[in-house]
Amino acid sequence: MKAYTKAKPLPADFIRALVLSRQQVQHPWTGDVAGLVEHLGALQLDAIQVITRAHHHQLFTRLPGYREAQLADAEQARQVFEYWSHAAAYLPMNHYRFARVRMDRIREGQKHWFEKNHRLCRFVLDRIRAEGPLTASDFVRAKGGWWTWSDEKKALEQLFHEGELMVSRREGFQKVFDLPERLLPSGVAVSTATEREYGEQLVRGFLRAHGVGRVEEMHYLRRPDKELVKSAVAAMLKSGELVPAGDELILAVDRKADVPTPRRMVRLLSPFDPVVLQRKRLKRLFDFEYQLECYVPEAKRRFGYFCLPILYRDRFVGVVDLKADRAAGVLRIKALHWREPPTSGLETGFSKALGDFARFHGLIAEPV
């Protein structure tokens, strides 16, 4: 995969503008939630809720006037479904056949988190078939939290990853499981994509959503898909659908794209936002080093527990550690770190972004 490294590189400012344009960060999405999820390819979920959950934060960033009920509505309309991408995520329903690739692998013995208990899987599946949608707590309550799951919850998760069960919705953050035949729309393709189709979809989908990328970024956290992605890239380079650009790859149609100039506005991104999720890529394309420090011991944190990257135009200019004080109705600034002293325009933009973010949560922003 070294043939494309000798090609003429693209200007750095063009790459940044293309990435932000494809990610709909500076020029918001004009369609609906389902269309945005399809464009992005996946909408990562996360259980951490210091301010709001990652999937809602990502949609807020890209959809003007977004409200959390819109995602639930898209799920109930069966326009999106929950499964596994590089992590737990909402996926577009018309990508179900691509998700089947991983489902089949798990069913055929690829291990996810734990060994399969065949007897218990049959038991929970039979109950859901007979009784309708159920949660893990309808079987037995686990003691001790997330990582001490009950055996029944493990069985439900195993069947979910195999595709024998789907998530109908969430109650709080608890999955409600049901049979796929009760949830899948009548027109959705349920046959498993071929490995070639799947590999090309991973490459094509990544570049449509991210503008440029490298092979390792296209199979990020997808170790079993590494060779499929490499084969797909080779085939798509040969066909001309992909072209090299320095050390990057880009869709041929985007090589001379008319990319809008990043706007003079501030965005507060989720730590799980696709723009910042791959930290090496973030450093390479935006010269920005970032770490989510909630997993770092408190004494070793540099900036704060749950810092949000601050994007201004096409640059990351700092991080802000925020906390939703629900009792007081205030979005509090625990810490604010600028990379360089901010201009008056940046300060104004930051105050507006902070106020908009606070109002999304029904809060008032603490004065900067």
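Glycine 163 sits in the loop that runs between α7, residues 151-162, and β4, residues 166-171. This is a predicted model, and that applies to everything I say today. Glycine 163 has 6% relative accessibility, and the cut-off for buried is under 20%, so this loop residue counts as buried. What is glycine 163 in contact with, once its neighbours within four places in sequence are left aside? The answer is Tyr96, Arg100, Met103 and Pro180. For a distance across the fold, take isoleucine 128: 35 residues separate it from glycine 163 in sequence, and the C-alpha atoms are 14 Å apart.

A second loop residue, for comparison, is methionine 265. It is found between β8 and β9, the latter being residues 266-268. Methionine 265 is buried too, because its relative accessible area is 17%. Beyond residues up to four places away in sequence, methionine 265 touches Gln26, Leu311, Tyr312 and Arg313. Its C-alpha lies 49 Å from that of phenylalanine 139, with the two positions 126 residues apart along the chain.

Tyr312 brings me to the sheets. Residue 266, a valine in β9, has tyrosine 312 in β10 as its bridge partner. Strand β10 covers residues 307-312, and β9 pairs with β10 over three bridges in the antiparallel sense. These two strands belong to an open sheet of five, in the order β9-β10-β11-β12-β13, with mixed pairing. At the edges stand β9 and β13, the latter residues 364-365; each has a single partner strand, so one side of each is left without a neighbour in the sheet.

Next is the three-stranded sheet. Its order is β6-β8-β7, and it is open, with antiparallel pairing. Which strands stand at its edges? They are β6, residues 212-213, and β7; each has a single partner strand, so each leaves one side without a neighbour in the sheet. Between β6 and β8 there are two bridges, again antiparallel. On that side, valine 212 stands opposite isoleucine 250 of β8. On the other pairing, β7 is residues 242-245 and β8 is residues 248-251, and four bridges join them. Leucine 242 has leucine 251 in β8 as its bridge partner. The hairpin formed by β7 and β8 has two residues between the strands, and glycine 246 there takes a positive phi near 65 degrees.

Now helix α3, residues 54-62. How many of its nine residues are buried? Nine of nine, so to put it in the plain wording, the helix is mostly covered. The buried residues include three histidines in a row, His55, His56 and His57, as well as Phe60 and Arg62.

Phe60 also has a place among the aromatics. Together with Tyr66, Phe357 and Phe360, Phe60 forms one aromatic cluster. The structure as a whole holds eleven aromatic pairs. One of them is phenylalanine 288 with tyrosine 290, a stacked pair with 6.1 Å centre to centre and 10 degrees between the planes. Phenylalanine 288 counts as buried because its relative accessible area is 3%, and tyrosine 290 is buried as well, with a relative accessible area of 9%.

Last, the empty space. A search of the whole structure finds one cavity of 30 Å³ or more. The largest cavity holds about 50 Å³ of space. Which residues line the largest cavity? Ala54 and His57 are among them, and both of these are also on the list of buried residues in α3. The rest of the lining is Asp46, Ile48, Ile51, Thr52, Ser270, Pro271, Phe272 and Phe306. By type, that lining divides into six nonpolar residues, three polar and one charged.

The largest pocket holds about 720 Å³. Elements giving two or more residues to its lining are α2 (33-40), α5 (96-107), α9 (195-210), α10 (215-218) and α12 (274-277). Of these, α9 gives the most, with eight residues. The lining has 33 residues, and those nearest the centre of the pocket are Leu40, Gly41, Ala42, Ser85 and Arg222. By type, the pocket lining divides into 15 nonpolar, 13 polar and five charged residues.

That is the end of the tour.

Conventions:
Residues are numbered from 1 along each chain as its sequence is written. This is a predicted model: local features need pLDDT of at least 70, side-chain atom pairs count only at pLDDT 80 or more; totals for chains, interfaces and linings use all residues. Side-chain values use heavy atoms; hydrogens and water are left out. On a 1 Å grid over the protein atoms alone, a cavity is a set of points where a 1.4 Å probe fits but cannot get out, and a pocket is an open set with protein on both sides within 12 Å along at least five of seven lines; lining residues have an atom within 4 Å of a point. Grid points are joined across faces, edges and corners, and a volume is the space filled by probe spheres set on the points. Ala, Val, Leu, Ile, Met, Phe, Trp, Tyr, Cys and Pro count as nonpolar, Asp, Glu, Lys and Arg as charged, and the others, Gly among them, as polar. Two strands pair if DSSP finds at least two bridges between them. Buried means under 20% relative accessible area, exposed over 50%, partly exposed in between (1.4 Å probe, protein chains only). Contact means heavy atoms within 4.5 Å. Rings of Phe, Tyr and Trp (its six-membered ring) pair if their centres lie within 6.5 Å; planes under 30 degrees apart count as stacked, over 60 as edge-to-face and the rest as tilted.
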